[in-house]
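Me: I would like a close look at one part of this model, followed by an account of how the rest is put together. Please keep it plain.
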Amino acid sequence: MKNIISLRDLENMVRNGQDVHNLPADAILTPSARDFLLELEMRGTKPSVPGSSGAGMSAPSKPLNSKSSKSELETFFNSPYCHELKLQICDIGRRLWGRAYVDGNGGNVAIRVGDGIALCTPTLVSKGFMKPEDLCLVDFEGNQLLGTKKRTSEILMHLQIMKQQPKAVATVHCHPPYSTGFAVAGIEPPTCMIPEFEVFASVAIAPYRTPGTPELGRQIARLVDKHNVILMANHGVVSWSHNNVEDACFKMEILESYCRTVLIASQLSRTPNTISPAQLQDLLKIKKSLGIPDPRYGLK
Ligand SMILES: [Zn+2]
């Protein structure tokens, strides 16, 4: 039997300090594993895996907080570890811009990097063209701690999500047109049509409030115990992840693709087919095992 190597296998090898270039000759790589190795070659660097203890990627041994000294914060902000997180945010910005989920200088991204502090995108910059040096460090009250550019004006809702939902390690906000269409219409996307959406996303709608105000953040924060993707009425979408910033972006992609598909299905002449309640229970079991919240757990 052939040896099949998945992305997860490679990530585990990196975490354990093994050389991913030293694979059995007959190993078959899954597509995502192949992409991972290709990316390594292109970057010519050590692999970076969230949670890896690889050189340059380890989180600070002493967790930072908003009361850490200026020099401790600066050391962190200029560390290879923080640089890697900044690169991740720039990469997510490029993806959001490339998929037309952001427009002008819209959209923003944040990563929790300590107790009451977060790394975030700057204001007045296209998310498709950010550089690591554009990013900002803020405390959970929204005060800017470091960074030469001014932090996004929409940071408060990201921070209020992180305060309310301790599992939220990263947040992404953007204005993807199909999902935002549902948000403008005030319609929660119907459920039970596509498994990915059922498993990875738990959607709710927050009422419209002026962007950048604490009241908008409050309206969103009260939903994040049971939902990881919030449609913001007449505005856009914000998602959070318990894994990493890429996963928060995945939630956005899954929602946007779902809203587009639902719209297409609704334009076809017959009523769309749905997944049965028993089939939904199977999906909810998977969802629970992944640590993703859902208000339907335990309901008959
Ligand atoms: Zn916005």
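In which loop, between which helices, does Ile194 lie?

Reply: The model is predicted. Ile194 lies in the loop between helix 6 and helix 7, the latter covering residues 195–200. Its relative accessibility is 30%, so Ile194 counts as partly exposed. If neighbours within four places in sequence are left aside, the contacts of Ile194 are Tyr258, Thr261 and Ile275. Ser79 is 115 residues from Ile194 along the chain, and the C-alpha atoms of these two are separated by 42 Å.

From this loop one can step back to helix 6, which spans residues 177–185 and packs on the sheet. Helix 6 touches strand 9 and strand 10, and its direction makes about 60° with that of strand 9. Strand 9 (residues 229–232) and strand 10 (residues 236–241) are antiparallel and pair over four bridges. One such pair is Leu231 with Val237, the latter in strand 10. The loop between strand 9 and strand 10 holds Asn234. Asn234 is not a glycine, yet its phi is positive, about 55°. Most residues other than glycine have a negative phi. With a relative accessible area of 48%, Asn234 is partly exposed.

Now the sheet as a whole. It is open and is formed by eight strands in the order 6-5-4-3-7-10-9-8, with mixed pairing. At the edges are strand 6 and strand 8 (203–206), each of which pairs on one side only. From one strand to the next, the twist averages 25°. Strands of a sheet pair through backbone hydrogen bonds.

Strand 3 (108–114) is mostly covered, since six of its seven residues are buried. Strand 3 runs antiparallel to strand 7, and four bridges join the two. In one of these pairs, Asn108 has His173 of strand 7 as its bridge partner. Strand 3 is also antiparallel to strand 4, again over four bridges. There, Arg112 has Ala118 of strand 4 as its bridge partner. Strand 3 and strand 4 form a hairpin with two residues between them, and Gly116 in the turn has a positive phi of about 80°. Further along, the loop between strand 4 and strand 5 contains Leu124. Leu124 has a positive phi near 60° and is a residue other than glycine. Its relative accessible area is 67%, so Leu124 is exposed.

Helix 5 lies across several strands, including strand 3, strand 7 and strand 10. Its direction is at about 40° to that of strand 3.

His173 has already appeared as a bridge partner of Asn108, and His173 is also one of the protein donors of the zinc ion. The donors are Glu154 through OE, and His173, His175 and His235 through NE2. They lie 2.1 to 2.7 Å from the ion. Along the chain, the donors follow the spacing E-x18-H-x1-H-x59-H. Glu154 is in the loop between strand 6 (144–146) and helix 5 (155–164), while His173 is in strand 7 (residues 170–174), so this pair ties together parts that are 19 residues apart in sequence. How is the arrangement around the zinc ion described? The angles subtended by the four donor atoms run from 79 to 170°, which makes the arrangement irregular. A tetrahedral label would need all angles to lie between 85 and 135 degrees. Are these donors buried or exposed? For Glu154, the relative accessibility is 10%, so this residue counts as buried. For His173, the relative accessible area is 0%, and this residue is buried as well.

Two parts earlier in the chain complete the picture. Helix 4 covers residues 80–98, and its 19 residues reach 27 Å from the first C-alpha to the last, close to the 27 Å expected at 1.5 Å a residue. Among its buried residues are Tyr81, Cys82, Leu85, Ile89, Cys90 and Leu96. Ala100 follows helix 4 and has a positive phi near 60°. Pro63 sits in the loop between helix 2 (31–43) and helix 3 (70–77). With 62% relative accessibility, Pro63 counts as exposed. Pro63 and Gly114 are 51 residues apart in sequence, and their C-alpha atoms are 5.8 Å apart in space.

Note on methods:
Residues numbered from 1 in each chain as written. Predicted model: local features only at pLDDT ≥ 70, side-chain atom pairs only at ≥ 80, totals over all residues. Heavy atoms only, no water. Donors = N, O, S within 2.8 Å, 3.2 Å for Na, K, Ca; no water. Tetrahedral: all angles 85-135°; square planar, octahedral: opposite > 155°, others 65-115°. Buried < 20%, exposed > 50% of the residue type's maximum accessible area, 1.4 Å probe, protein only. Pairing = 2+ DSSP bridges. Axes fitted to C-alpha atoms, helices over the stretch in contact; angles between N-to-C directions. Contact = heavy atoms within 4.5 Å. Expected span 1.5 Å × (residues − 1).
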